[in-house]
Each structure stands twice: as C-alpha cells, then as structure tokens.
Amino acid sequence: MNDIRGDALRGHLETMVLSVLERGEAHGYEILQRLESAGCGALKLKEGTLYPALYRLEEAGFVKGAWESDAGPRRGPRRRNYRLTAAGKRDLARRRESWRTFVAVIGRIVEA
Amino acid sequence: MEQLKIHVERIVRPIRAAAGRKNKMRNELLAHLVQKAEALMADGADESTACAQAIEQLGDPASLRADLQATVPALERLACLRLPGSPFLDRYFEKDEGETPLHFALVRTSHMALVIGAILLIAPTVRWSGLFPFRQRNANPAAYCLMVLSFSYLSVVVGSFVTYYFADLTGLRRLMSKITPGTAWVKGGAVCLFMCAQIVLMIAPIMLFVWIINPADGGILVDVFSGEFGRRVGIGILLVLLVASPISGLAMKYEHEQWRKWGSLHIDE
C-alpha cells in the first residue's frame, strides 16, 4: 500500500479525528495511535498537525477537552483527553455523508 | 528531556495568544513528545536519539507554529500583539548583569519622565478649560500654574528616581521580579510598598514647594490635596492599593511559575 502523506490528508484530518473519537475519549498521542493503526501503517502524518485540528474542533464545539486529573507515574505533564460532543456526533454524520458522496462521484470519474 | 521542552518552547513562545492558551499548547505538545520518546526508548533507542526522533516526527516547527497561531481567535491575536517596547516592559524589574543601581534607576526614571511629561502637557489644557477646581489667587495664574507644573514634574522625576534606586538597594526590586520566587502575599506586599513609596515621594516635594512659595495661602495644590478632592483621591488610591496588591501578588506569583517552567529556557529566537 502506498503511503498517504500530509497534503493528501488536508481537509480530512478533522473528520478522521472525529471518527476515532467516536470509539471513546482519548488524548492526542492515543488519537494518533488509533489513526495509525486504522491506517494500517500507510498514514504518514506529521504528528504536530493533530493539535491545531483538535483546537479547531474544540473551538467549534465538536469535541470537549479536559485535563486528566493526575499524570501518575508517567513522566511529563498531564495529558488532555478529548471526547466527542453531541454536536460533534451530528457533524461527523454530516461529514460521513459528504465523504460518501465525494468517493462515489470522484471514484466514478477516476475509475472510469 | 530538556531538549523536548526547548523544542516546545521554540514553537509556542512566538505565538500571539493569551498565556492560558499557550500553556495548554505547551503542555499538550510536551506530553505528546515525552510519550513518543518513551515509546521509542521502549523499542531500544537511547534517550538522545528517541528525543531527536520524537521532535522530527512532530513536524516542521515553523509550519506547526503557523497552524497553531491560526487557531487563536483574531481578537486575542490582536490583544497579544507585541508592541515596540514590550520586551522592555517584560523585563521592567530585571537588571542586566553588571548593571549598577544608579543605571537601573536612571533608565527607568527617564522612561517615566517621558511618560509623565507627555501627561503633564494635557494639564494646562485642563487647567484653562475650567474643568479642574483650581483657584486663581495669583496675579498671573498662567505663569504660576506653569511654575507649579514644572516643579511637580521635577518632583515626580526625582521621586521616582529615589524610589527605583532604593527599591534596588533594599531588595524590593528582586522581590517584584518574575525571576525571584515568593508567595503572592510577599509579592503583593512588595508592590504595595513600592507604589506607596512612589506616591509619597512624588507628592511630598510638591506640597513642600507650594508651602515654601506661598505659606500664607497654601497654594493651589495644597487646596487640591487637602480639600475634598484630596480626600477622595486618597481614599481612591488606598482602595486601588488594597484591591490591586493581592491581584498583582497572585499575577506575579503566576508569572514567576511560568518563567520557572518555560521562560527561563534559552531558545534561539
């Protein structure tokens, strides 16, 4: 499978983040791991790009972030867990619908 | 892990955003990098290599900074615009290495003299507009007012010089500096003491001057400061000090903690 890199992912990252958060709340690093495992290793994401996407989604009210109460034995600062809000679920449904249309239309053209 | 903190600070420090938002970015990016580096170390990499790889995989710092900056609301970005002179204000109570108390006091006094000089230019307009309750007892009120204002200005400048000089000699400056640790009460108390000293050292010579030139009458400023207006101003200043000192103390304590965690890191800006 060919690698999917930065530019090809632009515009889809937020949808992918919402999708992986549907499985349950997660912090940034875990979101990336979920994305990587779902992408079967073909997804080559510059990891930092996740955070601006998360902030945009949070600003729009689609996800809600909360600091974990204790860092525990782990090194480093506390992590911020994100969960999908009701508005986020509705937005994800809309994005899925639009994705299906996109794939159907573009797919027909490209595969023709 | 120090290099991870430095990398995060290099990305976040130039971003124009409120302190809370920047801290959120710092903590999240650092937590991410630490986890990534630990995962790489668990796979057998040594700490230095793991940190370098974690940094590399985070992506181009300039591009990430621009993306993060774009998530800051426009109004907040505007409010956090770095104006000329803001680095000086950031370091207002810090002394350069080897700087003498005299130089420290002179530099700050000259800035204050410029600001107050500009403010005093407004005073004659106010005086002649009739809005301010000056009493015209002198034969030449315009000349008298100009003389009083000139001396007031000199008093303010000398007063601030003395305050800055002694603030440095007594250690008050160090207490107010973000580099020095201290409880909110100690820092708030230091600000309160500094403000009180400055007010007293500015007003007392003005009063003395007015008393010397016109002891019988008391002069216009004595009238102003000892009358109803003076009492109101006094109560106002007291209230401001009582409210502002604890708030300043808390803000300065927070500022120190931020400096200790992030501001003390040397990044190549």
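This tour moves through a predicted model of chains A and B, naming at each stop what to select and what is found there.

**Confidence**

Begin by colouring the model by confidence. The overall scores are ipTM 0.87 and pTM 0.70. For chain B, the mean pLDDT is 79, and 78% of the residues reach at least 70. Select residues 61–70 of chain B, which form helix 4: confidence in chain B is highest here, at a mean of 94. Then select residues 122–129 of chain B, helix 8, where confidence in that chain is lowest, at a mean of 59.

**The sheet of chain A**

Next, display chain A alone and select strand 2 (26–27) and strand 4 (63–67), the edge strands of an open sheet. Each of these edge strands pairs on one side only. The sheet has three strands in the order 2-5-4, and the pairing is antiparallel.

Add strand 5 of chain A, residues 80–84, to the selection; strand 4 of chain A pairs with strand 5 in the antiparallel sense over five bridges. Which residue in strand 5 of chain A stands opposite Ala66(A)? Show the residues of both strands, and Asn81(A) will be found in that position. A further bridge to examine joins Lys64(A) to Arg83(A) in strand 5 of chain A.

Turn now to the other pairing of strand 5 of chain A, which is with strand 2 of chain A. This pairing is also antiparallel and runs over two bridges. Select Ala26(A) together with its bridge partner in strand 5 of chain A, Tyr82(A). While the sheet is in view, the side chains may be inspected too: in a regular strand they alternate between the two faces of the sheet.

**Helix 2 of chain A, across the sheet**

Select residues 13–21 of chain A. This is helix 2, which lies across strand 2, strand 4 and strand 5 of chain A and runs at about 90° to strand 5 of chain A.

Keep helix 2 of chain A selected and add helix 5 of chain A, residues 86–111. These two helices pack at an angle of about 125°, with their axes 10 Å apart. Helix 2 and helix 5 of chain A are therefore oblique to each other, and their crossing is left-handed. To see the contact, show Thr15(A), Leu18(A) and Ser19(A) from helix 2 of chain A, with Gly88(A), Asp91(A), Leu92(A), Arg95(A) and Trp99(A) from helix 5 of chain A. By class, the residues of this contact comprise three nonpolar, three polar and two charged.

**Where the chains meet**

Bring chain B back into view. How many residues of each chain take part in the contact between chain A and chain B? There are 17 from chain A and 19 from chain B. On the side of chain A that touches chain B, select helix 3 (28–38) and helix 4 (50–59) of chain A, each of which supplies at least two residues. Helix 4 of chain A gives the largest share, five residues. That side of chain A has five nonpolar, four polar and eight charged residues.

**A helix pair in chain B**

Finish by selecting residues 2–12 and 47–58 of chain B, which are helix 1 and helix 3; they pack at an angle of about 20°, with their axes 9 Å apart. That angle makes helix 1 of chain B roughly parallel to helix 3 of chain B, and the crossing is right-handed. Show Gln3(B), Leu4(B) and His7(B) in helix 1 of chain B, which meet Cys51(B), Ala54(B) and Ile55(B) in helix 3 of chain B. Four residues of this contact are nonpolar, two are polar and none is charged.

Methods
Residues numbered from 1 in each chain as written. Chains lettered and ligands numbered in written order. Predicted model: local features only at pLDDT ≥ 70, side-chain atom pairs only at ≥ 80, totals over all residues. pLDDT = per-residue confidence, 0-100. Helix = DSSP H or I, 4+ residues; strand = E, 2+ residues; numbered from the N terminus. Axes fitted to C-alpha atoms, helices over the stretch in contact; angles between N-to-C directions. Parallel < 35°, antiparallel > 145°, perpendicular 65-115°, else oblique. Left-handed = near helix turned anticlockwise from the far one by under 90°. Contact = placed C-beta atoms within 7 Å. Nonpolar A, V, L, I, M, F, W, Y, C, P; charged D, E, K, R; others polar. Pairing = 2+ DSSP bridges.
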